[in-house]
Each structure stands twice: as structure tokens, then as C-alpha cells.
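User: Hey, can you walk me through a structure? I'm new to this, so plain words please.
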Amino acid sequence: MEYITREPCGQEGCRETRFFLDNGLWFCRRGHQQAGRQVEEDPDDFGTQGNISRLKKPVAEKLQKKYRGRQAYRLFLHIYQLILWKQCHALVNNHGFPPQLEDLVRDLWALRLETYAKKITDDGEGDDSQPEFFSSQPASGREDTETETFRVGSKLVQWPRLIDTVALCYLAALLMRLPVSVMDFHRYVLDAYVGAGLITFYRMVMRNDIPYYRVFLHIPRDMKDKLPQEYIALLETTRLLKPEDLHTAIFDLSFRYHGQFGVQFPPLNTPVLTYRLIKRLALPVDIYPVTKRLQTLIGFPFEYPTKKVGRKWKSLDKPELQLITLIVIATKLLFPFDEVQRHPTSAQEPTVQTINWGAWAEVQKLLDRRNTSSGKIGKGKEILVKEDDVLTMTPDQLDEYMDWYESSWLDNSNATNPLANLFPIGSGSKETRQNAPAAEDSEEEAVEAMLQNASRYLRTNPVVSGTDLDIPRPGSLYVRYRHESDLPDAARAFYETAAKITGISLSTLVRCVSQAELEITKWLENQRRIKHFAERSMQVVENSDAGEMEEFSEQEMP
């Protein structure tokens, strides 16, 4: 008989530990039955009274939902590259930019990607289990050039920012010498500029014509599901993009490319940009030669600087701010904002015309109201709608806003909810509105219509010839505005329009103009000093020559 060793029996003081199985019941070797230890026999498994072996189920491999460490960093850079490609694709295919723009953006990004080689190359060292993302302490030494950091909140981030994608597209267009500005992208046509309208680059971002807001709607779901939240925060927009921030991002990126890779960016396409700014401001074309003369006088290069002068950068170091500053100064010289009437000496002078700045401001307001006057919100202005604006909207404007929200903010890549059919989205008149012709004019057509109203604000200035010093002449009694509060109403309207189309604040423009006027004042003082010393030198020479002649005459007399 086969015995199994188990725990002691315990019945009647029995200490037996060897047991045998009989008809499903356990008995010790002395015959004591063990209560509660019955074993049911399986009729299909008859005769197998030995040990039971169980097969182990294969362990299912748990897939990591979120990447960490170097793996997450590589995924972030892949998504960043995809965003860059989508922006270039939109500019080339939807806005008429040349295909070479995509090649330049790729080359510029490849240069910067080399600085991240150590972070994305798996060399077997380092732990991928922890994300090397934030650093609460600044680096003591800059061993790697990619450690140049940008502040996000209170942390130091070493990652490329979303705003840098737009800045990179701008720099690529600048390398191609396209007539672009931060606020405006000229629709480039290879064969001719006929029919090419003006389109606002900043407005393209606001209208989401190029992916920027809610950029993850353009990313495949399997990629963004594996990206950690701290990386997603770098690509999510929590506030509206300010044009002045875009100016700064482009300025910093150009300086970085020159310092790290030696890339020299060309100056702005000044002739075309100057003409476009003068045209948008509805000014006479006589402003153009005066602007060129002022540039030669001050020495503005109209290009991004390559070395730092002084302790910190100034707003006037940015090339587009230099250009609009000279246009403002030229306007103040030819068409001042005060009520003093200055008379030209001939009918060939550009100041034979004068501007009624009150009527000019009304024409500019008509341009700004061209969309709302047609009962539309205006494409690109939906994102600026606030809570109080909803109370005054018409039914068509509400439908327009909801259609924009549906197309720009709803994520359709999520799994469909079974209850979604009970709450349909979209309006029945959406197709009708899309098929109807657009009510808003293009930027080019709107500016042309505004210029046709030039007779409303242009006046003829009487010509007064002569040399009377009491007659005010153009350029005299020039007034400097050092602070925003010093601006009169006429000058404020012009300054605000110039600041808006350039993408800067009013206070920044006033400060830039005041600094440039100070440079012109120093130049004038130097010219007066040079002229004064030249006159004194000539007088000394003449007196010396006269003395020598008199002495010579006395010697010759008998």
C-alpha cells in the first residue's frame, strides 16, 4: 500500500503522519479517518492518484502605453517634423509658395536636428525608464550647443517650441528672398504676380490655414497616444499667438542659426516690402525715396544681426521694425500731424499734397469693418470671439462660429460613442453657405478699394515761393513723441495702424521711432559741428592768406 506523508493525525492522541487513500477518504496507518479531507474522484480521470501537474498559461506581454526617456524624445521629434511638413505643405499647395520652400525648411531643421543626436541615439548608456525632460537648475556650463534653453513657466526646457515651426518657415522664405514679413506673406506665383493677392501670415495662423492651434488634430492617433503628457504640453497652445512673440521667436532663431551653424540670412526684400507697407497705409508714393534717404543716413541694414551690441537687444534691432520706423518718420516729415500749414516753394515738391488725418482715419475704419458690415464674423476672427460677443450675434454668425468650432476643435479620431447619433453636429444650411460666394473681399481687393477713396483725405497745399524765413516750410517744426501719452489724436490713429500691420504694440513703435529720431538728431548735430569747424578753418586760412599778402606788399614797396 502506498502511503503519503502529511500532517499528524491528532485523533485519540495519534501522532501518525503516514496516510493512505481509500474510496476518496484519507485514513492514517492506524485506521483513523480524517474528517473534512475527502477527495472527489473524476470518473474521466480514473486511476490517476499521483501528483497533479498544471500547464502554465503563456504570460501576455504588457505593451507600454506611454513612451518614456529616449524613446519618447524620438517620438516627440518625429511629431515635430510632421508638423513642419504639414505647415510647408499648406504654404506650398494652398498659398502659392514655391516648392523649394519645403527643401529649405528640411535643410534648416536637419541642422538643428544634429544638435539632438546624443539625445536620440541609443548608445546603451542611460535609463529609458525616466523622462529626462525638465531641469530645475540651469546648467553650469554650456558643453552642448543644444542646451540653450527657453523658459516655460518656471522650468527650463531644452526642447524645440511650437512657435519655432512658424519661425522656421519664415526664415526659409527669407533665404529665398521672397517679399515676406512677419505679418504678411505675399502669395508667390512663379510666372507673374498678376492676380496674386496679399495674405496675412499671422492671419494664416489665426485662421488655422497652416496647422498651429490644436495641432494634434493633424497627428495620427497611435503617435499621440504614446507621447507622454509633458511632451504634449509643449505642442498644445494655451493662449493666442501674439505677433510680437513671433517677431522675437524669429529674431532668436536667426541668431541661433548664425551662432551655431554660421547661417547668414539676407536682408529683407526692402523695395517690395516698403511699397506694400506704403500701399497698406494709403500714403503717397513720395514716402518711398524719403525712406531710402533716411536708411542711408541712419545706416539701418534691414537684416537680422549676427552679433550682440551692448548688454541686451533692442526692439530697433529687428529689421521689420527698422523699416516701419523709417516710414513713420518720413510721413511725419512730409505730412505732419499738427495743424501748422507748411508751404512748399514749388509745385514739384512732394509736399504740394497734404493729408487730412481725420478723413484718413475714417477710410481705415471702413477697411477694418469690411467683414462685419456684410453680416459675417470674418474668417480668422472666430478665435477672438468672447462670451459677451455671443449675445449680439445674429443666427448666421452663430452658425458660422459653430461650423468653425466643429472643423477646428473637434477631434474626430476618437472612437465613436454609441450615443453620438442622438446628438448630431453640423447645421443643415452649412452646405448652402459653403456653396455661396464669399462675402468678404480679399486683402488686395480691399486695399485697392481703400485707395480709390484717396480723394477723401488728400488735399492740395498752396505753393509760396520766396526766401521769407517767417513762412513755415516742409520739415520745419518737427515734433517728437517720446511717450504714448504724447500722441495727439491724428498721430495716434496713424501709429496704431502702422503698429497693427507690423505686428507690434503701440508703445514699442513709439519707442522705436523716438530712438531713431534721436539718432537723426545726433547726425544733424555732427553735420552742424563739421560745417562750423569747416567755416572756421576757412576763415583762419583766409585771414592767414590776407596777412601774408599784406606783408608781401610792404616788402615790395620802395
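Analyst: Sure, let's start with a pair of residues facing each other: Phe20 stands opposite Phe27 in strand S3. Keep in mind that this is a predicted model.

User: OK, which strands pair there, and over how many bridges?
Analyst: That's strand S2, residues 18–22, with S3, and they pair in the antiparallel sense over four bridges. Another facing pair is Asp22, which stands opposite Leu25 in S3.

User: What's going on between those two strands?
Analyst: S2 and S3 make a hairpin with two residues between the strands. Asn23 takes a positive phi near 55 degrees in that hairpin.

User: How many strands are in that sheet, and in what order?
Analyst: Three strands, in the order S1-S2-S3, and they form an open sheet with antiparallel pairing.

User: Which strands stand at the edges, and why?
Analyst: Strand S1 (4–5) and strand S3 (25–28) do, since each has a single partner strand, so one side of each has no neighbour in the sheet.

User: And how many bridges hold S1 and S2 as a pair?
Analyst: Two bridges, again in the antiparallel sense. In that part of the sheet, Thr5 stands opposite Arg18 in S2.

User: Let's zoom out. How many helices and strands does the protein chain have?
Analyst: There are 18 helices and nine strands in the protein chain. The chain has 558 residues, and buried ones make up 39% of them.

User: What about contacts between residues far along the sequence from each other?
Analyst: Take the contacts in the chain between residues at least 6 apart in sequence: 71% of those join residues at least 24 apart.

User: Got an example of that?
Analyst: Try Lys86 and Pro211. They sit 125 residues apart along the chain, but their C-alpha atoms are separated by 7.0 Å. Lys86 is found in helix H1, residues 69–94. Leaving aside neighbours within four places in sequence, Lys86 is in contact with Pro211 and His218.

User: How does Lys86 count in terms of accessibility?
Analyst: Lys86 counts as partly exposed, because its relative accessibility is 24%, and that class runs from 20% to 50%.

User: New topic: helices. How do you describe two that pack together?
Analyst: You give the angle between their axes and the distance between the axes. Here, the axes of helix H2 (residues 100–114) and helix H4 (residues 163–175) come within 9 Å and cross at roughly 120 degrees.

User: What do you call H2 and H4 at that angle?
Analyst: H2 and H4 are oblique to each other, and their crossing is right-handed. On the H2 side, the residues making the contact include Leu104, Leu108 and Trp109. On the H4 side, Leu168, Cys169 and Ala172 are among them.

User: One last thing, is Thr502 buried or exposed?
Analyst: Thr502 is buried, because its relative accessible area is 4%, and the cut-off for buried is under 20%. Its place is in helix H17, residues 489–502.

User: What does the side chain of Thr502 reach?
Analyst: The side chain of Thr502 reaches the backbone oxygen of Ala498 at 2.7 Å. If you leave aside neighbours within four places in sequence, Thr502 is in contact with Met183, His247, Glu320 and Ile324.

Key
Residues are numbered from 1 along each chain as its sequence is written. This is a predicted model: local features need pLDDT of at least 70, side-chain atom pairs count only at pLDDT 80 or more; totals for chains, interfaces and linings use all residues. Side-chain values use heavy atoms; hydrogens and water are left out. Two strands pair if DSSP finds at least two bridges between them. Buried means under 20% relative accessible area, exposed over 50%, partly exposed in between (1.4 Å probe, protein chains only). A polar contact is a pair of N or O atoms within 3.5 Å; within protein, one must be able to donate a hydrogen and the other to accept it, and residues adjacent in sequence count only if both atoms are side-chain atoms. Contact means heavy atoms within 4.5 Å. Axes are lines fitted to C-alpha atoms, for helices over the stretch in contact, and angles run from 0 to 180 degrees between N-to-C directions. Angles under 35 degrees count as roughly parallel, over 145 as roughly antiparallel, 65 to 115 as roughly perpendicular and the rest as oblique. A crossing is left-handed if the near helix is turned anticlockwise from the far one by less than a right angle, and right-handed if clockwise.
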